[in-house]
Amino acid sequence: MKKAQKKAERRRRSGSIQVRALKWGAALAVVGLLGYAVSQMDGVAYGERQLSVVNFSDLTSNGKRTALKAANEARCTCGCGMTLAQCVATDSTCPVREGNIDRIRTMVKDAEAL
């Protein structure tokens with residue numbers, strides 16, 4: 001009877017260790033995914049890729065972030081309610097699109113000084 005009890009106790013501990021390891025693995029995976037998600041979110045809806053008509057290559061990462069943030073916060077003047085970045089990225093028919101591109105280019109030049 002003691003042998004059977006010891007065997008059952010070992011099975012319980014073994015299962016408990018496996019469950020604990022599985023829980024830790026899942027928790028680490030969630031933390032890793034959250035870290036990855038945060039690293040991919042730079043706080044701007046429309047980034048350098050969407051605004052390909054503007055050259056951001058001369059900027060430092062800090063300057064690029066500053067220019068993109070400014071472009072994503074400033075509003076288009078045609079009355080559509082979009083941001084400059086959103087207008088340039090999504091609306092090729094906007095009557096003031098070229099002016100918006102110039103405004104973003106000015107933001108890039110201003111960010112070069114940073």
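This section describes the fold, the helices, the core and the salt bridges of a predicted model.

The protein chain contains 4 helices and 0 strands, and its elements follow the order α-α-α-α from the N terminus on. Of its 114 residues, 25% count as buried. The accessible surface amounts to about 8400 Å², and 56% of this area belongs to carbon and sulfur atoms. When contacts between residues at least 6 apart in sequence are considered, 46% of them join residues at least 24 apart.

Helix α4 comprises residues 97-112, 16 residues in total. The distance from its first C-alpha to its last is 23 Å, close to the 22 Å expected at 1.5 Å a residue. Its buried residues are R97, N100, I101, I104, M107, V108 and A111. These residues lie on the same side of α4, because the arc they cover around the axis is only 115°. On the other side of the helix, E98, K109 and D110 are exposed. The cover over the buried residues of α4 includes α2 (61-73) and α3 (84-90).

Within α4, residue N100 illustrates the buried side. The relative accessible area of N100 is 1%, and the residue therefore counts as buried, the limit being under 20%. Apart from neighbours within four places in sequence, N100 is in contact with C76, L84, C87, V88 and C94. Of these partners, L84, C87 and V88 fall within the range of α3, residues 84-90.

Helix α2 can be described in similar terms. Its 13 residues should span 18 Å at 1.5 Å a residue, and its end C-alpha atoms are indeed 18 Å apart. The buried residues of α2 are G63, A67, L68, A71 and N72. An arc of only 160° around the axis holds these residues, so they share the same side of α2. They pack against α3 and α4. The packing is thus described from both helices, since α2 is in turn part of what covers the buried residues of α4.

The largest nonpolar core has 17 residues. Those with the most contacts inside this core are L51, V54, F56, L59, A67, I104 and V108. Two or more residues are given to the core by each of α2, α3 and α4, and the largest share, 5 residues, comes from α4. Among the residues named above, A67 is also listed with the buried residues of α2, while I104 and V108 belong to the buried residues of α4.

Two core residues show how contacts are made with other parts of the chain. L51 is located in the loop between α1 and α2. Its relative accessibility is 0%, so L51 counts as buried. Residues up to four places away in sequence being left out, L51 touches Y46, F56, L68, A85, V88 and A89. L51 and T90 are 39 residues apart in sequence, yet their C-alpha atoms are 9.4 Å apart in space. For V54, with neighbours within four places again set aside, the contacts are I101, I104, R105 and V108. I101, I104 and V108 are buried residues of α4.

A search of the whole structure finds 2 salt bridges. In one of them, the side chains of K64 and E48 meet at 3.1 Å, N to O. This pair links distant parts of the chain, with K64 in helix α2 and E48 in the loop between α1 (2-40) and α2, 16 residues apart. K64 counts as partly exposed at 23% relative accessibility, and E48 is likewise partly exposed, with a relative accessible area of 33%.

The other salt bridge joins the side chains of D102 and R105, at 3.8 Å, N to O. D102 and R105 are separated by about one helical turn, because they are 3 residues apart in helix α4. Both residues are partly exposed, D102 at 42% relative accessibility and R105 at 37%. R105 is, in addition, one of the contacts of V54. In general, side chains of opposite charge can pair when their charged atoms come close.

Key. Residues numbered from 1 in each chain as written. Predicted model: local features only at pLDDT ≥ 70, side-chain atom pairs only at ≥ 80, totals over all residues. Heavy atoms only, no water. Expected span 1.5 Å × (residues − 1). Buried < 20%, exposed > 50% of the residue type's maximum accessible area, 1.4 Å probe, protein only. Arc of directions from axis to C-beta. Contact = heavy atoms within 4.5 Å. Areas by Shrake-Rupley, 256 points an atom, 1.4 Å probe, with all protein chains shown as cover. Salt bridge = Lys/Arg side-chain N within 4 Å of Asp/Glu carboxyl O. Core = buried A, V, L, I, M, F, W, Y, C linked by side-chain atoms within 4.5 Å.
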